[in-house]
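Student: I am new to this structure and would love a close look at one part of it. Could you walk me through it in a friendly way?

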Amino acid sequence: MSYPFLKGHGTENDFVVLPDPDGSLHGYVDGEMPAERVRALCDRRAGLGGDGVLRAVRREAGWFMDYRNADGSVSEMCGNGIRVFARYLHDHQGEAFPMRIQTRDGVKVLDCSAHGDGRDLTADMGAPEVRGDTKVSVGDRAWPAQHVSMGNPHAVAFVDDLADAGHLLEPPGHDSSVYPDGVNVEFVVRRGEHHVAMRVHERGSGETRSCGTGACAVAVAASLADGAPRGTSYRVDVPGGTLHVEWTEDDRVLLTGPAVLVAEGTTDL
């Protein structure tokens, strides 16, 4: 069976997009997409390659983003992915901005950014949840971290050097009682005023070139550490580019960055 796909990325966090309007092409009877199919699609040597899969399904009058990590596991939210998803809906389904997209973390609103070269979109990621202090470790080194939820769990640790995180092939150590389903771990250094850089290990995908919800969690943690007023914009450098995050006065986190579609075709994976 052949079916259509697209490939896109946001700051080099890359995804396979699967159009599935009526929800029947990729699911079993219960609507769940087989994890083995996700793994095959995301395989960088034998598949299309990607950090995750974005399945586009119509629900009532709108669209639902069914997001899966590269290992086939379900994730509640993906900040870079939802911008790529919105780019697909605009370019291929004729959806206008601003648009509302249904996710496992509720409805998110996407709009064109007033900045950038036209590729940038802004996602209203909703209100963050700051859940207190925790810790993470790599090998025999450990750091205090801030537990922040952006619909999915994050542990944000400030380090002296991004190389301190090591290769990040395996999940960093963390408190399993705090994160029973695993955690996305961000290692952060300061580059200047309201300017940070990060590396990330994403649960279910490993180290990725970027993480949108991770950048949001980092900006929230940095803002709290700096005592920055709400509405302050943070620049977050990731290995794949730059994201901008604003924690607004009305407790919304706005994530701005590129969303690019680079290929489309059909596959029988």
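How many salt bridges does the structure hold?

Tutor: Happy to help! Please keep in mind that this is a predicted model. The structure holds 17 salt bridges, and a few of them make a good place to look closely.

Let us begin with Arg55 and Asp20, whose side chains meet in a salt bridge at 2.9 Å, N to O. Find Arg55 in strand 3, residues 52-59. Its partner Asp20 sits in the loop between strand 2 (13-19) and helix 1 (35-42). The two residues are 35 residues apart, and the pair links distant parts of the chain. Arg55 and Asp20 are both buried. They also belong to a wider group: Asp20, Arg55, Asp66, Arg68 and Arg104 are linked in a network of salt bridges.

Now turn to Arg131, which forms a salt bridge with Glu129. Here the closest N and O atoms are 2.6 Å apart. Arg131 counts as partly exposed because its relative accessibility is 47%, and partly exposed means a value between 20% and 50%. Glu129 has 41% relative accessibility, so Glu129 counts as partly exposed too.

One more pair is worth finding: the side chains of Arg230 and Asp251 meet in a salt bridge of 3.7 Å, N to O. Arg230 lies in the loop between helix 3 and strand 15 (233-238), while Asp251 lies in the loop between strand 16 (241-247) and strand 17 (253-258), so this pair ties together parts that are 21 residues apart in sequence. With 35% relative accessibility, Arg230 counts as partly exposed. Asp251, at 27%, counts as partly exposed as well.

To finish the picture, look at the nonpolar side chains. In soluble globular proteins, nonpolar side chains tend to be buried together. In this model, the largest nonpolar core has 49 residues, and Met65, Ile101 and Met198 touch the most other members. Helix 3 (residues 212-226) gives the largest share of this core, eight residues. If you zoom in on Met198 and leave out residues up to four places away in sequence, its contacts include Leu162, Phe187, Val218 and Val236. There is also a second, separate core of 15 residues, with Ala145, Val183, Val185 and Phe187 among them.

Terms used: Residues numbered from 1 in each chain as written. Predicted model: local features only at pLDDT ≥ 70, side-chain atom pairs only at ≥ 80, totals over all residues. Heavy atoms only, no water. Core = buried A, V, L, I, M, F, W, Y, C linked by side-chain atoms within 4.5 Å. Buried < 20%, exposed > 50% of the residue type's maximum accessible area, 1.4 Å probe, protein only. Helix = DSSP H or I, 4+ residues; strand = E, 2+ residues; numbered from the N terminus. Contact = heavy atoms within 4.5 Å. Salt bridge = Lys/Arg side-chain N within 4 Å of Asp/Glu carboxyl O.
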